[in-house]
Amino acid sequence: MESPPHKLNVGRDEDRISALTDDLLVGILERLDLREAVRASALSSRWRHLPYRLSRLHLEVGHFQGATPLEVMDAFTGAAQRLLSLVVPLAEGEGGSAAIIPIKALVLSFYMSPPHLSAIGRTVEDAVSYGKTEYLEFSISLPRGSNASLLAEFGQQFMSFSQAYPVAFWWLTRLTLKNLVFGHSDVTELINACNKLKHLTLSSCRLVDQRSALRIDTPCSGLRRLDCIRFRCERIELISVPELRTVLCCSRHYENPPVRFGDVPQLCHVNLGYLAKVSQAPFMLSECLSRSSRNLSKLNLNFFSQTVKLISVHLHITRSSILPISAVYFVFFMLQIWIQPEQPKRLTAIFRNLTDMYLFGIFPECDLSWTLFILEAAPALRNFKVLCGAALQRS
């Protein structure tokens, strides 16, 4: 029920906007950045309580100040606790002393700070306890200057956090994790624990054993999008993710094939990019894509545009030598097209609904005759776009 308008002497006591009902004013504030909404609330006592009535909140740790990451997280956690208080006082004239404001959408972007995790977990679980939350997102990263030797410990602390507050993670719809190290089954366990999770992003993360594969086997999950950006492991194996629709996989180091798709019947968009060394033999797309993917409609392949890249120069300087440089060693990293042409009939079942094919970062010297098998295997193809290195950089 909408709150009644305040009886104000417009023109003497208040402006016309302040004469609107709380529900209308909250609707205005929810269209602003949270910082602007809080500043607006300081304009008058009439607006002061409105930020506590917002049902859609986005708290970003980068908006808070402090001399150290701990001080920044102190400020962030305190603000989250205040703004997520479900019982808030009503303004004068609303016929009651307090009201419950359920959170409909909540986005929290914060540092992986163990001293603050329990407070955040409890606060979020209280906020979602009324069952009205439609969207819940966590974006968790490490503060700048974090000790690289402690990354595995941070990963374990995150997993303990997710297990200690299962209600909060059950309601998560989107999760972004940066610079964490996982055990071989952690990602699968995490997805299984997040019942409502639709979008998972793993950025600059890795497995404890980087020579092993990241295996995701979640036959009961509702995950629809998976982004693996610079995830360090041998390869990614999607054993069973039946609701998965979009996959982005971009990294420098993988074995061939970099991704193996298993039971992914709803898959419709694949974006794959990585650098293959000259020692790696090209692989066939049929070895990577699954025959269960009958809905694949868009395929992006990024070859990163370079044929030869200088990756290291070793210089040895001696005082006794006539020449200032006595030895120079150049080590080259050879890049190549990592797709091997194959018989179109092997891909026809997978490509029967493919409408968009984009090849990014193609080397300017590359012969494109190898792409003909894709054209033959995709009878519904409408858009076929090739961008060489220079064109990609301009775009």
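Me: What counts as a helix here, and how is helix 5 numbered?
Reply: Helices are DSSP runs of H or I with at least four residues, strands are runs of E with at least two, and both are numbered from the N terminus. This is a predicted model, where local features need pLDDT of at least 70, side-chain atom pairs count only at pLDDT 80 or more, and totals for chains, interfaces and linings use all residues. Residues are numbered from 1 along each chain as its sequence is written, and side-chain values use heavy atoms, with hydrogens and water left out.

Me: What length does helix 5 reach?
Reply: The expected span of a helix is 1.5 Å times one less than its number of residues. Helix 5 covers residues 151-164, 14 residues in total, and its first and last C-alpha are 20 Å apart, close to the expected 20 Å.

Me: Which residues of helix 5 are buried?
Reply: Buried means under 20% relative accessible area, exposed over 50%, and partly exposed in between (1.4 Å probe, protein chains only). An α-helix has 3.6 residues a turn, so residues three or four places apart point the same way. In helix 5 the buried ones are Leu 151, Phe 154, Gly 155, Phe 158, Met 159, Phe 161 and Ser 162. Looking down the axis, these fall within an arc of 155 degrees (taken from the directions from the axis to the C-beta atoms), so they line one face of the helix. Gln 156 and Gln 163, on the other side, are exposed.

Me: Is Glu 237 buried or exposed?
Reply: Glu 237 sits in strand 12 (residues 236-240) and counts as buried, because its relative accessibility is 16%. Its side chain makes a polar contact of 3.1 Å with the side chain of Arg 215. A polar contact is a pair of N or O atoms within 3.5 Å; within protein, one must be able to donate a hydrogen and the other to accept it, and residues adjacent in sequence count only if both atoms are side-chain atoms.

Me: What about Thr 218, where is that?
Reply: Look in the loop between strand 10 (214-217) and strand 11 (225-229). Thr 218 has 0% relative accessibility, so it counts as buried. The side chains of Thr 218 and Ser 221 share a polar contact of 3.1 Å.

Me: And which phi does Asn 179 have?
Reply: Most residues other than glycine have a negative phi. Asn 179 has a positive one, about 60 degrees, although it is not a glycine. You'll find Asn 179 in the loop between strand 6 (174-178) and strand 7 (181-182).
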